[in-house]
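Trainee: I have a model open and would like to learn how to read it. Could we go through it together?

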Amino acid sequence: MRLARLIPFAMAALLLAGAARADDVPGVTDTEIRIGTFGPMAGPGYLYGRLAMNGVEAAFAKANEAGGVNGRKLVLVREDDRCEPAGAIAAVRKLIYDDKVFAIDGGGCSNAAVAVREDVEKAGIPWVVFAAVHDGLTVPVSPVIFSPALTATIESKAQVAFARQQGAKRIAIIAMHDSWGRSRLDPLMATLKEKGITPVADEEMAPDANDATAQVLHLKAANPDAVIVVLYPKPAAVFLRDAAKFGFKPLAIGQSGIGDPAAFEEQVGVPGATANFVTIAMVKVTPDDPAVASWRAEVTRLYPDDRLSVFNLFGIGSAEVLIEALRQSGHDLTRAKFIDVMNHLTNFQTDVYGGPITCTPADHRCNKNPVWLKKDPGGAIHVVAVTPVD
Amino acid sequence: MFAYLALAGLTNGALYALVGIGIVLIYKATGAINFAQGDMLMVAGFVAYTLHVTLHLPYLVALLGAVAACFVLGLLAERIAFRPLANADIISLVLATVGLSFMLKGFGRVVWGGLGDYLSFPPLVPNDPIMFGDIILLPQQLVVTGGAVLVIVVFALFFKFTSLGRMMQATADNRRAARLVGIRVDRVHALAFAVGAALAGAAAALMAPITLLYPDIGFPLFIKGFAAAVFGGLDSLPGTLLGAVAIGLIESLAGGYVGSGFVDVSAFLVIMAVLLIRPRGLLGSAALRRA
Amino acid sequence: MLDVQGLEVSYGATRVLEGVSFSVLEGRIVALLGGNGSGKSTVLNTLSGLLRPQKGVILLSGRNVAGRPTHEIVRGGMAQVPQGREVFASMTVAENLDLGATTRHDKAEVGRDREDVFALFPRLRERFRRRAGSLSGGEQQMVAIGRALMSHPRILLMDEPSVGLSPAVVGDMIEAIRMLHARGLTVLLVEQNVGVAAAVAHEAKVLQGGRIAYSGPAAGLLDNEEVLRSYLG
Ligand SMILES: Nc1ncnc2c1ncn2[C@@H]1O[C@H](COP(=O)(O)OP(=O)(O)OP(=O)(O)O)[C@@H](O)[C@H]1O
Ligand SMILES: [Mg+2]
């Protein structure tokens with residue numbers, strides 16, 4: 001009698017198990033797990049695409065050498081999004097429907113990345129963001145998107161907090177007003193307003209500008225204690241170079257768009273111009289840090305022409321998170337199981353991020369520890385502070 | 001403030017002039033707009049970088065190397081993107097040079113793209129400002145502006161006083177008549193591409209310390225140079241010079257006095273106004289057509 | 001001097017010359033006549049190497065130059081004064097003349113030849129530094145002729161030099177052609193104006209239907225009712 005009552009349940013369980021086996025999990029076989037990635041493979045944004053992908057590849061290679069994840073090898077499938085929304089949509093659809101990958105570890109350019117949110121959610125495919133910082137990826141929270149990368153709001157809050165910690169009263173802004181700049185400028189303005197701060201100057205600069213004389217003269221006249229720099233590295237370099245010419249050297253507060261202070265100092269090219277420049281890194285280590293020696297070796301083994309860059313580290317960090325969640329999901333891997341693990345990932349220490357990674361079902365901004373980097377002219381890069389946000 | 005803005009504007013104007021004059025030269029001699037002019041400049045910039053920064057050769061060698069490399073590049077460009085299409089319609093010609101632009105950009109990304117997202121070219125002179133009464137003069141700007149002016153003067157002399165220059169002018173003036181007097185027009189076309197590209201080479205070596213170098217630098221520079229050329233009537237060298245300086249100055253002054261958001265649009269607003277009033281540009285000779 | 005045999009020329013699919021044959025003897029002035037669009041300029045441009053014939057032979061002093069590049073033909077002694085003058089409008093008269101000497105190796109002689117041109121057209125000496133585009137039609141025609149002479153041709157091809165000129169200037173032009181002939185130049189003259197042709201040429205050829213339809217002395221042309229009516233309208 002009791003046995004008879006159990007029969008339907010048993011049958012259902014068998015059916016389900018059978019179904020699970022028959023209805024294969026996309027991208028997962030007995031021997032491998034295919035993971036997709038997308039971002040710009042060429043062009044000025046390739047740092048956030050190709051280089052981050054190379055980092056993911058390095059992390060996969062290391063995991064595979066150690067026997068893979070629960071016995072399966074990781075395989076990375078790359079698609080180029082050309083840093084454009086349309087390109088990203090095409091790339092992600094290809095990953096989901098043609099390449100049939102299990103999950104995505106990618107997203108280099110903010111505006112391209114945010115454009116694919118709907119497609120990703122519709123397909124129910126988990127996505128670990130490796131570099132894009134757009135708030136729209138994580139706010140409102142998406143059931144499938146997790147970001148161990150920083151987000152624009154977190155960075156903006158950190159920029160304002162850092163300026164105040166340094167005693168700055170008069171805060172000025174220089175920003176690009178293209179879509180990238182806007183995605184950071186809007187949360188920055190909101191944060192300033194929240195803190196009751198009115199910027200003493202608000203200058204605009206084009207990404208391909210060769211001259212910042214007008215901006216420097218305006219800013220200098222406003223006499224700020226700190227200038228928040230919402231620019232790509234190239235216009236930022238032009239700005240600091242021209243500022244130095246006019247003897248204007250305020251505290252300049254960058255963001256993760258200018259991720260490598262050593263390269264930046266070299267690119268600015270004017271001795272001392274970067275003396276008061278600090279920037280946010282997603283990662284707490286610099287490429288020449290002994291702590292990442294094994295990663296350095298791995299990247300140069302895979303890409304003999306490259307030296308380890310901070311953008312490789314973005315990929316490495318996100319891949320460490322992805323691999324950990326895959327590992328915790330166990331051998332019977334499904335997307336639902338993986339998403340559940342991600343939702344409860346707590347205090348996971350990576351080799352690269354500024355603090356432990358913690359995701360909750362209500363908040364998928366899993367990294368709240370912007371790292372402040374500074375390079376003393378001619379000296380080494382060092383971590384000035386970590387500004388936990390929220 | 002005016003003095004600084006004007007100086008910055010003049011410097012940029014001189015650079016735009018170098019780009020614009022290369023475009024006008026090729027247009028005049030061949031009737032084609034070289035949409036790859038900016039990308040030739042990019043390649044030249046990286047050649048100069050490789051010679052000067054990587055191989056530690058003197059700056060002058062790097063400049064000449066960039067000019068020579070571009071000269072050859074111009075000859076190649078004429079061979080692959082112009083000569084096979086010399087009698088085709090203007091759309092094919094445009095597409096050919098646009099295609100070339102993409103090819104060069106791809107080449108630049110593959111060869112130099114891996115070095116970082118952009119490179120800085122060391123300044124040619126120490127960075128200490130020179131005080132001139134109340135005005136701070138920046139040596140780098142002076143060197144670049146002076147260099148650009150020198151290149152333009154040498155170029156004008158070449159055009160006016162060498163027989164080669166006069167053959168180019170004649171071909172630009174009347175292609176049929178040029179053939180009839182026995183000028184080898186196909187060679188002049190090749191030479192126009194080569195000299196136009198060599199100008200881009202000189203421009204690149206001069207501007208690299210100011211603009212920094214990255215594989216996608218070509219298009220924004222092409223647009224400014226092209227705007228200057230259109231402003232001047234597309235076939236007038238003095239008009240282009242005037243247009244380039246005007247664009248540089250307007251950008252800088254608008255940025256300073258109106259607001260930094262106006263830097264990019266101001267010059268184009270003025271150009272559109274000029275073209276509305278004078279559709280042939282400021283000094284253009286005739287309605288635009290294929291020569 | 002010039003011997004043309006079986007010349008066939010097409011523009012794309014349209015054949016304009018169907019086998020043109022004629023010869024020009026050394027020291028003669030030969031007029032090539034024909035209605036509008038009969039292919040006269042096409043003949044001259046093919047002789048000058050601007051057009052490539054599908055078939056045919058062009059013997060210039062015994063050497064076949066059919067399909068050879070223009071600079072070679074100019075150097076071989078055949079120069080053209082094109083229809084519509086085609087001066088280098090933005091350049092000075094002096095520069096126009098100098099460009100005429102492009103193919104020459106003996107650059108030292110160029111100055112003397114320029115003097116010869118001024119002797120022929122004294123007006124050009126006064127206009128020496130003027131832009132060619134700013135000159136009158138007659139003066140531009142002089143520049144075009146002078147420019148062609150600067151290449152030291154032995155045979156000169158002239159395409160409708162009298163078009164658009166006042167009768168007085170046409171008279172000057174005829175005078176100039178006679179003087180050139182007296183100096184030993186051979187001339188192939190394309191004309192619409194039968195009066196001019198009859199006045200200056202020794203022989204006339206009439207082009208019609210892509211062939212030479214009439215060939216004979218030029219002097220009787222004006223009286224030859226049949227030729228005038230059937231070929232020249
Ligand atoms: N480039 C061209 N492409 C196509 N057809 C052409 C071209 N040039 C001339 N033709 C045609 O070839 C024919 C002969 O032209 P051509 O100019 O030789 O005549 P012509 O006798 O010199 O006329 P005209 O007295 O008007 O100068 C004409 O029907 C003309 O329309
Ligand atoms: Mg004709």
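Mentor: Happily; let's start with charge. Chain C carries 26 positive and 24 negative side chains, and the centres of the two sets are 5 Å apart. Lys and Arg count as positive and Asp and Glu as negative, while His and the chain ends are not counted; each charge is placed at NZ of Lys, CZ of Arg, CG of Asp or CD of Glu. This is a predicted model, in which local features need pLDDT of at least 70 and side-chain atom pairs pLDDT 80 or more, whereas totals for chains, interfaces and linings use all residues. Residues are numbered from 1 along each chain as its sequence is written, chains are lettered from A and ligands numbered from 1 in the order in which they are written, and side-chain values use heavy atoms, without hydrogens and water.

Trainee: How far apart are the mean positions of the charges in chain B?

Mentor: They are 16 Å apart, for 17 positive and 12 negative charges.

Trainee: What do carbon and sulfur atoms supply of the area that each chain exposes?

Mentor: Accessible areas come from the Shrake-Rupley method with a 1.4 Å probe, and for residues only the protein chains shown count as cover. Chain B exposes about 11,400 Å², with 74% from carbon and sulfur. For chain C the exposed area is about 9,500 Å², and carbon and sulfur supply 49% of it.

Trainee: Which secondary structure elements do these two chains have?

Mentor: Helices (H or I, at least four residues) and strands (E, at least two) are DSSP runs numbered from the N terminus. Chain B has 11 helices and two strands, in the order α-α-α-α-β-β-α-α-α-α-α-α-α. Chain C has nine helices and 10 strands.

Trainee: Why does the radius of gyration of chain B agree with a compact globule?

Mentor: The radius is taken over C-alpha atoms, and the globule rule is 2.2 Å times the number of residues to the power 0.38. For the 291 residues of chain B the rule gives a value near 19 Å, and the chain has 19 Å, so the two agree. Its C-alpha trace spans about 60 × 50 × 35 Å along the principal axes.

Trainee: Which residues bind the magnesium ion (ligand 2) as protein donors?

Mentor: Donors are N, O and S atoms within 2.8 Å of the metal (3.2 Å for Na, K and Ca); water is not among the atoms, so sites may look incomplete. Here the protein donors are C:Ser41 (OG) and C:Gln83 (OE1), 1.9 to 2.2 Å from the ion. C:Ser41 sits in helix H1 (residues 40-47) and C:Gln83 in the loop between strand E6 (78-81) and helix H3 (93-100), so the pair ties together parts 42 residues apart in sequence.

Trainee: Is C:Gln83 buried, exposed or partly exposed, and how is H1(C) covered?

Mentor: Buried means under 20% relative accessible area, exposed over 50% and partly exposed in between (1.4 Å probe, protein chains only). C:Gln83, at 37%, is partly exposed. In H1(C), eight of its eight residues are buried, among them C:Ser41. Just after this helix, C:Gly49 has a positive phi of about 85 degrees.

Trainee: Which pair of chains has the most contacts?

Mentor: Contact means heavy atoms within 4.5 Å. Of the two pairs of chains that touch, A and B have the most contacts. No contact joins chains A and C, whose closest C-alpha atoms are 37 Å apart.
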